[in-house]
Amino acid sequence: MAKTTKRGRGRPPTGCPKWDPEAKVWLARIKMPSGGRRPVPMPGIAEHETERAHAKAKEVAEGAIAGGYVPAEALETVNDWFKRYYGYAERGDVGRKNRGLPQVTAKDRAARFWKWISPAIGTRPMALADASDLRAVVRKLDEEIRVRLRNYDEHPEWKGEGRRPGLEPKAAKNIYGELTSGFKEACSSKIETLLVRTDNPTTALSPPLGGGEREQTALYPSELLALLDGPAPLYRKIVYAVAAYTGMRAGELRNLTTDSIDFEHGVLNVRRQMRADGKVGRTKTRAGRRQIPIEPSLDPLL
């Protein structure tokens, strides 16, 4: 018989269901065997289905008491959790670097997850996925990296259509970062509804294969002159010249305005970038916020 107290003597567990308007999901609050309460999302139940939410929350709570754990079928999947996670990222609620601003890369990050991570572990309960599950993602990434490296050896000059097969080690590292950042958030988030774990299984993983140092692509002076003397439109030649003299990224060039140019001190102030979709955000890295000296040859053009 379960031990009772004066307060709530003999009261059966209810799970205290509550609707989260931001995540748009019902939450059951479960008292865990280790102590404390944990919100357990119950996806698939609409806001108006209160009776169904109460019934499901009670089922989850009773299962936690009887079995000492929340039953797997009551937990949201990795797919469902990451979908909510990227929703918070788009609003700027998660992410240390975006400082409360919408994360302009959230959709690209989500695309990486759906293509590479979801097929391997998407249907697993987020709260129960362990290192052995996540290693399937790393194995897939390693396999794709090997395909790309073999292609470089066999076809140094790629003449096929589209991109080379496989993955660059840097791209694989970015995909792996989605895995590690997501599971870290699941056990340490400041947003209560994202806290569904007490551990981070990615700490027991080895990252994907690395690659050799990539050579920076740069034009020789003769090549740059040939490009600027070619048939390209004038506005493109201006972009090519500024890019060659400053080393700025494409997104930084898109956001280069007259306010960025300080003729008095002879510098370009790089603080923001514009993505291909027109959204403006901070530079790719903190080191990207910098001042670039204006070369004398570039000064008349600017």
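Is Cys16 buried, exposed or partly exposed, and what is the relative accessible area of this residue? In the predicted model, Cys16 has a relative accessible area of 42%. This residue is therefore classed as partly exposed, because the value lies between the 20% limit for buried residues and the 50% limit for exposed ones. Cys187 falls in the partly exposed class as well, with a relative accessible area of 25%. The number of disulfides in the model is zero, a count that rests on a cut-off of 2.5 Å between cysteine sulfur atoms.

At the level of the whole chain, eight helices and eight strands are assigned. The chain comprises 302 residues, of which 37% are buried. Of the contacts with a separation of 6 or more, 53% are made by residues 24 or more positions apart. The accessible area of the chain amounts to about 19,100 Å², and carbon and sulfur atoms contribute 52% of that area.

Among the strands, β4, β5 and β8 form an open sheet in the order β4-β5-β8, and the pairing is antiparallel. The edges of this sheet are β4, covering residues 261–262, and β8, covering residues 290–293; each of these strands pairs on one side only. Between β4 and β5, the latter spanning residues 267–270, the antiparallel pairing comprises two bridges. Within this part of the model, Asp262 lies opposite Val267 of β5.

Two helical residues illustrate the buried and exposed classes. Asn79 is located in helix α2, which covers residues 78–91. With a relative accessible area of 17%, Asn79 is classed as buried, because this value is under the 20% limit. When residues up to four places away in sequence are not counted, the contacts of Asn79 are with Phe113, Trp114, Ser118, Gly122 and Thr123.

Leu234, by contrast, is exposed, with a relative accessible area of 63%; the assignment follows because this value is over the 50% limit. Leu234 belongs to helix α7, which consists of residues 234–246. Together with Ile238 and Leu301, Leu234 forms a nonpolar patch on the surface. The combined accessible area of Leu234, Ile238 and Leu301 is about 270 Å².

Definitions and conventions:
Residues are numbered from 1 along each chain as its sequence is written. This is a predicted model: local features need pLDDT of at least 70, side-chain atom pairs count only at pLDDT 80 or more; totals for chains, interfaces and linings use all residues. Side-chain values use heavy atoms; hydrogens and water are left out. Buried means under 20% relative accessible area, exposed over 50%, partly exposed in between (1.4 Å probe, protein chains only). Two strands pair if DSSP finds at least two bridges between them. Helices (H or I, at least four residues) and strands (E, at least two) are DSSP runs, numbered from the N terminus. Patches are made of residues with over 30% relative accessible area and no salt bridge: like charges are joined within 9 Å, nonpolar side chains (Val, Leu, Ile, Met, Phe, Trp, Tyr) within 5 Å. Accessible areas come from the Shrake-Rupley method with a 1.4 Å probe; for residues, only the protein chains shown count as cover. A salt bridge is a side-chain nitrogen of Lys or Arg within 4 Å of a carboxyl oxygen of Asp or Glu. Contact means heavy atoms within 4.5 Å.
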